[in-house]
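Colleague: I have not looked at this one before. Can you take me through it while I ask things as they come up?

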Amino acid sequence: MRIAVIGTGYVGLVSGVCFSDFGHDVVCVDKDPDKVAALREGLVPIYEPGLSDLMVRNVTAGRLTFTQDLASGMKDADAVFIAVGTPTRRGDGHADLSYVRAAAVEIAPLIDSYTVIVTKSTVPVGTNRKIRDLIRQTNPGAEFDVASNPEFLREGAAIDDFMLPDRVVIGVETERAAEVLRAIYRPLYMREFPLVTTDIESAEMIKYAANAFLATKITFINEIAALCEKVGADVKAVAHGIGLDNRIGRKFLHAGPGYGGSCFPKDTRALARIGQEHAAPVHIVEQVIAVNEEIKRQMVAKLTDLCGGSFRGKRIAVLGVTFKPDTDDMREAPSLTIVPAMLGGGAEVRVADPQGRREGEELLPGVAWCKDAYEAADGADLVVILTQWHEFRALDLERMSSAMRTPQMADLRNIYTAEDARKGGFTAYMGIGVAGFANGSDSEAAVGF
Ligand code: NAD
């Protein structure tokens with residue numbers, strides 16, 4: 001198959017590289033000249049494990065090219081994938097479809113033989129039909145179908161997720177379009193993954209419902225964690241105990257500082273908005289959004305408490321600022337709420353993050369960037385673990401605590417335990433929904449009877 005992919009961000013680039021690895025001829029198109037220039041030199045503009053090697057391999061094999069010129073990219077294409085961003089529109093929470101619309105406007109006049117226009121971007125229900133109508137109006141003679149093929153990859157594990165998907169969802173109006181998409185994904189059939197073929201509206205809805213469900217699961221355990229702290233329960237034990245129930249499942253039950261990232265925040269907002277517009281409000285999702293914001297605020301309050309009521313004059317080491325490990329993506333990361341609050345409160349903030357600096361320098365002005373956790377913690381009053389990067393999972397706590405002014409730890413990912421921290425020379429430890437201690441003594445849960 002010949003495939004054009006529009007947009008070389010986290011989704012477009014991974015899709016293009018993986019499709020070419022399947023053996024298809026792929027042209028990746030982006031309007032950002034710097035990105036295209038870098039990609040042509042074999043440089044991957046994002047951090048995604050394994051992506052660089054796979055990209056270079058397929059470029060060398062002659063199956064993958066990059067261009068700014070959509071016309072050449074679309075020449076003889078069987079399918080064109082739209083993988084541009086759909087961020088939150090300013091002001092109203094709706095998905096901003098201007099990039100998708102612009103891509104459709106550019107595609108329309110270039111269709112010269114039967115082509116399937118596939119939307120990989122996450123778009124509200126009805127968007128594919130709008131794309132179809134727009135193309136029909138612009139180029140009435142065009143032979144094409146539209147299709148929805150939402151993407152479920154996770155940053156940090158994107159290649160594996162694309163190559164070994166839990167499922168591939170395709171929403172189509174015609175058997176002809178379904179055949180093209182089946183041919184594109186055929187190389188995966190060896191592994192017998194479920195291919196869900198449905199109508200376009202359902203495919204569009206599947207993506208929002210999946211993300212909203214996952215965001216709900218995270219938020220649920222975060223609220224349970226806050227309650228665990230009050231009653232003296234351990235959220236890790238609770239998550240384990242409920243997660244072993246197959247109906248619940250163990251994943252996405254790790255309490256933390258609130259979800260962030262490129263998808264959950266914007267997709268929950270968009271789904272809430274879609275519900276309101278159709279007079280079928282999704283109350284659960286609306287609550288999830290509000291609770292997640294509240295959780296991030298609670299983190300700031302708890303950290304302030306740990307600093308004795310004020311950040312002023314404190315030196316704080318922050319370990320990890322990306323929204324999760326194995327990505328450089330900072331979009332809506334909890335760090336973007338928590339770090340500015342510390343700086344605003346008068347703290348000196350020293351950050352270590354294996355990949356976060358490039359994005360973070362602009363987003364977090366005023367912090368000092370350190371080469372590792374130990375440099376960040378030097379002379380600090382508090383170390384805050386915000387992202388569970390591998391290199392923060394086996395720290396030499398004694399080395400760290402002995403170099404700190406006040407050895408206190410806020411472990412917002414529950415990597416360590418109070419016991420680990422105590423043994424490692426810390427005088428205070430705060431996790432999420434687990435036992436902690438302050439000034440060397442255990443915190444007490446207030447339980448009435
Ligand atoms: P991104 O912002 O990283 O990349 C978008 C790219 O599209 C940019 O490189 C931009 O220059 C390019 N672009 C925009 N308009 C263009 C045009 N008209 N022609 C050519 N290039 C154009 O976005 P992303 O994170 O890859 O997300 C893309 C879509 O996939 C979104 O709808 C998102 O919700 C969805 N999605 C993202 C993820 C994820 O983990 N990032 C996972 C699943 C689905």
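Colleague: Is Ala-279 buried or exposed?

Modeller: This is a predicted model, and in it Ala-279 is exposed, with a relative accessible area of 69%. Ala-279 sits in the loop between α11 (264-277) and α12.

Colleague: What is the phi of Ala-279?

Modeller: Phi of Ala-279 is near 55°, a positive value in a residue that is not glycine. Most residues other than glycine have a negative phi.

Colleague: And what about phi of Asp-76?

Modeller: Asp-76 is not glycine either, and its phi is positive, near 60°. Asp-76 is in the loop between α4 (70-74) and β4 (79-82).

Colleague: How accessible is Asp-76?

Modeller: Asp-76 has a relative accessible area of 46%. That value lies between the 20% and 50% cut-offs, so Asp-76 counts as partly exposed.

Colleague: Changing topic. Which residues are closest to the ligand?

Modeller: The closest are Asp-30, Lys-35, Thr-86, Glu-155 and Lys-266, and 27 residues surround the ligand.

Colleague: How do the residues of that shell divide into nonpolar, polar and charged?

Modeller: Nine are nonpolar, eight are polar and 10 are charged. As for helices, α1 (10-21) and α5 (98-107) each supply at least two residues of the shell.

Colleague: What does an oxygen atom of the ligand pair with in the side chain of Lys-35?

Modeller: An N or O atom of the Lys-35 side chain, at 2.6 Å from that ligand oxygen. A nitrogen atom of the ligand is 2.8 Å from an N or O atom in the side chain of Glu-155. With Lys-31 the backbone is involved: one of its polar backbone atoms is 3.3 Å from a ligand nitrogen.

Colleague: How much of the ligand does the protein bury?

Modeller: The protein buries 90% of the 830 Å² that the ligand exposes when taken alone.

Colleague: Now the interior. How many residues are in the largest nonpolar core?

Modeller: There are 61, and Leu-319, Met-342 and Met-400 have the most contacts inside that core. Helix α12 (residues 283-306) gives the most to this core, namely six residues. Apart from this core lies another of 42 residues, including Val-14, Ala-147, Ala-158 and Ile-159.

Colleague: Why would such residues gather like that?

Modeller: In soluble globular proteins, nonpolar side chains tend to be buried together.

Colleague: Back to Met-400. Which residues is Met-400 in contact with?

Modeller: Not counting neighbours within four places in sequence, Met-400 is in contact with Leu-319, Ala-373, Tyr-374, Ala-377, Val-383, Leu-395 and Phe-426.

Colleague: Is Thr-322 buried or exposed?

Modeller: Buried, because its relative accessibility is 1% and the cut-off for buried is under 20%. Thr-322 is in the loop between β9 (315-319) and α13 (335-344).

Colleague: What does the side chain of Thr-322 reach?

Modeller: The backbone oxygen of Lys-324, at 2.9 Å. Beyond four places in sequence, the contacts of Thr-322 include Asp-328, Asp-353, Thr-387 and Trp-389.

Colleague: Last one. Where does Leu-134 lie?

Modeller: Leu-134 lies in helix α6 (residues 127-138), and at 12% relative accessibility Leu-134 is buried. Leaving aside neighbours within four places in sequence, Leu-134 is in contact with Arg-101, Ala-104 and Val-105.

Colleague: What separates the C-alpha atoms of Leu-134 and Arg-101?

Modeller: A distance of 8.6 Å, with the two residues 33 apart along the chain.

Notes: Residues are numbered from 1 along each chain as its sequence is written. This is a predicted model: local features need pLDDT of at least 70, side-chain atom pairs count only at pLDDT 80 or more; totals for chains, interfaces and linings use all residues. Side-chain values use heavy atoms; hydrogens and water are left out. A nonpolar core is a set of buried Ala, Val, Leu, Ile, Met, Phe, Trp, Tyr and Cys residues joined through side-chain atoms within 4.5 Å. Buried means under 20% relative accessible area, exposed over 50%, partly exposed in between (1.4 Å probe, protein chains only). Helices (H or I, at least four residues) and strands (E, at least two) are DSSP runs, numbered from the N terminus. Contact means heavy atoms within 4.5 Å. A residue is near a molecule or strand if one of its heavy atoms lies within 4 Å of it. A polar contact is a pair of N or O atoms within 3.5 Å; within protein, one must be able to donate a hydrogen and the other to accept it, and residues adjacent in sequence count only if both atoms are side-chain atoms. Accessible areas come from the Shrake-Rupley method with a 1.4 Å probe; for residues, only the protein chains shown count as cover. Ala, Val, Leu, Ile, Met, Phe, Trp, Tyr, Cys and Pro count as nonpolar, Asp, Glu, Lys and Arg as charged, and the others, Gly among them, as polar.
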